[in-house]
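Q: I would like a close look at a single part here, the contact surface. Please start there, and then say what else deserves a glance.

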Number of protein chains: 2
Amino acid sequence: MSANLRKQPQGLASAAEVARLAGVSRSAVSRTFTDGASVSAKTREKVLAAAKELNYHVNHLARGISKAESRPVCLLASNMTKPYHGLLLDAITRELQAAGRMAMVINVTADPESAQAALEQALSYRASASVVMSGTPPEAMVSTCIDAGQRVILINRSGGHADADHIRIDYQAAMDDAVFMLKRAGCERLALAGSAKGTPSLMERERLFLEAAAKQGYAPRTFKAPNSNYDDGAQAARALLAGRDRPDGVFCLTDLMACGLIDSARLDFGLKVPTDLNVIGFDNIPQAAWAGYGLTTFAQPYEEIARTVVRIVADETPAQVHSLPTAAQWRQSVLFGPAD
Amino acid sequence: MSANLRKQPQGLASAAEVARLAGVSRSAVSRTFTDGASVSAKTREKVLAAAKELNYHVNHLARGISKAESRPVCLLASNMTKPYHGLLLDAITRELQAAGRMAMVINVTADPESAQAALEQALSYRASASVVMSGTPPEAMVSTCIDAGQRVILINRSGGHADADHIRIDYQAAMDDAVFMLKRAGCERLALAGSAKGTPSLMERERLFLEAAAKQGYAPRTFKAPNSNYDDGAQAARALLAGRDRPDGVFCLTDLMACGLIDSARLDFGLKVPTDLNVIGFDNIPQAAWAGYGLTTFAQPYEEIARTVVRIVADETPAQVHSLPTAAQWRQSVLFGPAD
DNA sequence: CTGAAAGCGCTTACAG
DNA sequence: CTGAAAGCGCTTACAG
């Protein structure tokens, strides 16, 4: 009674109340809700009945204090507004949830220090893992998290942290494919719509495309836009498509850029895709499938990334690099379909 | 020492250790990290120094057991992949974070029972509030949450729950505007690209547009697509633009539909927007600003919604309906600009 | 302003 | 299989 007076007005039953009603010990109700604990069918029955009657829910906050598995996983995300990030966030929250894990999301803004602040938050909530989808946390911060017993999972981030898990995509095959597709479409002058943003995955795609092109005897004209969004693609179009010796095949670092480039090619230059210009993108965002674009692109393995995250969070395996493949998605922005 | 053996290997310091190092009581360190608690500058100093040395972070999980304000807020989201949902999720997580609150996200899939399961999860984590962005939780579930001392905030959901806070958008003015814009552009035959999905906000826009049109003497042809995405817009185009008496102005329930309709109008019917066809959308998603669309639309008040959410979470005010306005966003898909 | 003590809601050796 | 007890890491009246 007097204990009740101290409580905030929040009517959720506690394990103690359930125990009282069921006529068993506190430990018994705790065990009933712990997978694999030893309770007799009869006790379990009584507890379950009482729990149902009192509308009891294990307090995960309290459980998390002593039980690592019921601690949340922190997702450091930004740009949720952009299709690629939305797709990734959707897949990861879905898989985490299916595995019974709770996801806390931290919105990492452009601010360079916010990745650090975000990881500190994750520490405060004793997250069992932090998934870095955006930003580049300082090395020292990653160490702090790992020392605190947390796993740190970097998705498409640069490879500096030895103790963190890295999920990276294997872009080599995709970039070879891209050049092959353009060659088979009869392209003679290639171009690359690149970015000066400096994200590791962007830089890697850029480098590998250029290498693959060189191997096939191409010397692509390159334009580096400031970022990798729609406007950057349009900007690339205006830089690459003006003047003589217009390219007839261009690889865009992202689908968003490809959409901007295609629109500009059509509206500013009166070009038809793919007859005048072959275009390939990257990410396979929903817009790539829109009739206005019909973009041939490469799909990020969103589901596989999500499943890998869950696996890392659940396992005790030492930190390592996880490489995942992409898959080509043919549409109409490149002449001719896939080879048989 | 023996206590340490029981701990899982997680090196984060506790308040007790900080107290020991600083030579003060446990209460003192607790107070140092509680806003507005009474600690002398000297004690605070000592505690802060010790905390820094041990890399101490208040355990929010534990704090949440006794302190309601540091409990997480649950976000029930789905379709994060769609621009509108991404925009909303981004704004809400950003504002919540700025207010020092943690956001847990629950991915509500299409499954009708998952909204209920999601709210039960929120209960387990003792969320101080649940924000329902998708799905329609059963009345009984909402009551359970509220009885548990949790606030339930429904965004653009139907108005059945008396004890929940409702954030709704005032579509009346927008729909009057939409008809006015089309009339001023000289439209003679209006159409509505509607949806059979049955979401409250969709249904309300539909009804209000039709009413506004009737007031101006229009009798819009209506097509109800199954959902409210890109493909649904394309489907609407094929239904509305074929045959004689083609409409010259159409309102699409969502920007996504408008994009699909514009693409189909151009590619399937060879129509030019806005000279052959005036188009208005709703939501003001990033794609609406793309050069290929240049869509005139209405902006959901994403930021205002987010701020309202944090205000509700922080306050003790009784549940109520919060009405927010939209703002017209002129672009090129309707003839003539805004009135002065 | 401060500390000792009781409390929150859970888990988990320990002894039977 | 079961319960009493000690523990997790925090907060907050209470008395000084």
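A: Helices (H or I, at least four residues) and strands (E, at least two) are DSSP runs, numbered from the N terminus. This is a predicted model, where local features need pLDDT of at least 70 and side-chain atom pairs pLDDT 80 or more, while totals for chains, interfaces and linings use all residues. Residues are numbered from 1 along each chain as its sequence is written, chains are lettered from A and ligands numbered from 1 in the order written, and side-chain values use heavy atoms, without hydrogens or water.

Let us begin with DNA strand D. It is surrounded by 28 residues, and Thr43(A), Ala15(B), Arg26(B), Ser30(B) and Arg63(B) are the closest. A residue is near a strand if one of its heavy atoms lies within 4 Å of it. Within that 4 Å of the protein, 64% of the atoms of DNA strand D belong to sugar or phosphate, and the rest belong to bases. The surface near DNA strand D comprises nine nonpolar, 11 polar and eight charged residues. Here Asp, Glu, Lys and Arg are charged, Ala, Val, Leu, Ile, Met, Phe, Trp, Tyr, Cys and Pro nonpolar, and the others polar.

Next come the polar contacts (pairs of N or O atoms within 3.5 Å). The side chain of Thr43(A) places an N or O atom 2.2 Å from a phosphate oxygen of DNA strand D. Tyr56(B) also uses an N or O atom of its side chain, 3.1 Å from a phosphate oxygen of this strand. Asn59(B), by contrast, takes part through a backbone N or O atom, which lies 2.7 Å from a phosphate oxygen of DNA strand D. The elements that give two or more residues to this surface come from both protein chains: helix H3 (26-32) of chain A, and helix H1 (2-6), helix H3 (26-32) and helix H5 (60-66) of chain B.

Now turn to DNA strand C. Again 28 residues surround the strand, with Ala15(A), Ser30(A), Arg63(A), Arg31(B) and Thr43(B) the closest. Sugar and phosphate make up 65% of the atoms of DNA strand C that come within 4 Å of the protein. Its nearby surface contains nine nonpolar, 11 polar and eight charged residues. Tyr56(A) has a polar side-chain atom 3.1 Å from a phosphate oxygen of DNA strand C, and the side chain of Thr43(B) has an N or O atom 2.2 Å from a phosphate oxygen of DNA strand C. A base is reached too: a polar side-chain atom of Ser27(B) lies 2.9 Å from a base nitrogen of this strand. Helix H1 (2-6), H3 and helix H5 (60-66) of chain A, along with H3 of chain B, are the elements that give two or more residues to the surface near DNA strand C.

Away from the DNA, the aromatic rings are worth a visit. Over all chains there are 14 aromatic pairs. Rings of Phe, Tyr and Trp (its six-membered ring) pair if their centres lie within 6.5 Å, with planes under 30 degrees apart called stacked, over 60 edge-to-face and the rest tilted. Trp290(A) and Tyr293(B) have ring centres 6.0 Å apart and planes at 75°, so they are edge-to-face. Trp290(A) sits in the loop between strand E9 (278-280) and strand E10 (297-299) of chain A, and Tyr293(B) in the loop between strand E9 (278-280) and strand E10 (297-299) of chain B, so this pair joins two chains. Both Trp290(A) and Tyr293(B) are buried, meaning under 20% relative accessible area (exposed is over 50%, partly exposed in between; 1.4 Å probe, protein chains only).

Tyr84(B) and Tyr302(B) form a tilted pair, because their ring centres are 6.1 Å apart and their planes at 50°. Tyr84(B), in helix H6 (residues 83-98) of chain B, is 218 residues from Tyr302(B), in helix H13 (residues 302-314) of chain B, and the pair thus links distant parts of the chain. Tyr84(B) and Tyr302(B) are both buried. One aromatic cluster is made of Tyr171(A), Phe282(A) and Phe298(A).

Finally, a few backbone details. In chain A, the peptide bond from Val273(A) to Pro274(A) is cis, with omega near 5°, and Pro274(A) belongs to the loop between helix H12 (255-267) and E9. In chain B, the bond from Val273(B) to Pro274(B) is cis as well, with omega near 5°. Asn156(A), though not a glycine, has a positive phi of about 55°. You will find Asn156(A) in the loop between strand E4 (151-155) and strand E5 (165-170) of chain A, where Asn156(A) is buried with a relative accessible area of 5%. Asp245(B), also not a glycine, has a positive phi of about 55° and lies in the loop between helix H11 (230-240) and strand E8 (249-252) of chain B.

How values were computed. A polar contact is a pair of N or O atoms within 3.5 Å; within protein, one must be able to donate a hydrogen and the other to accept it, and residues adjacent in sequence count only if both atoms are side-chain atoms.
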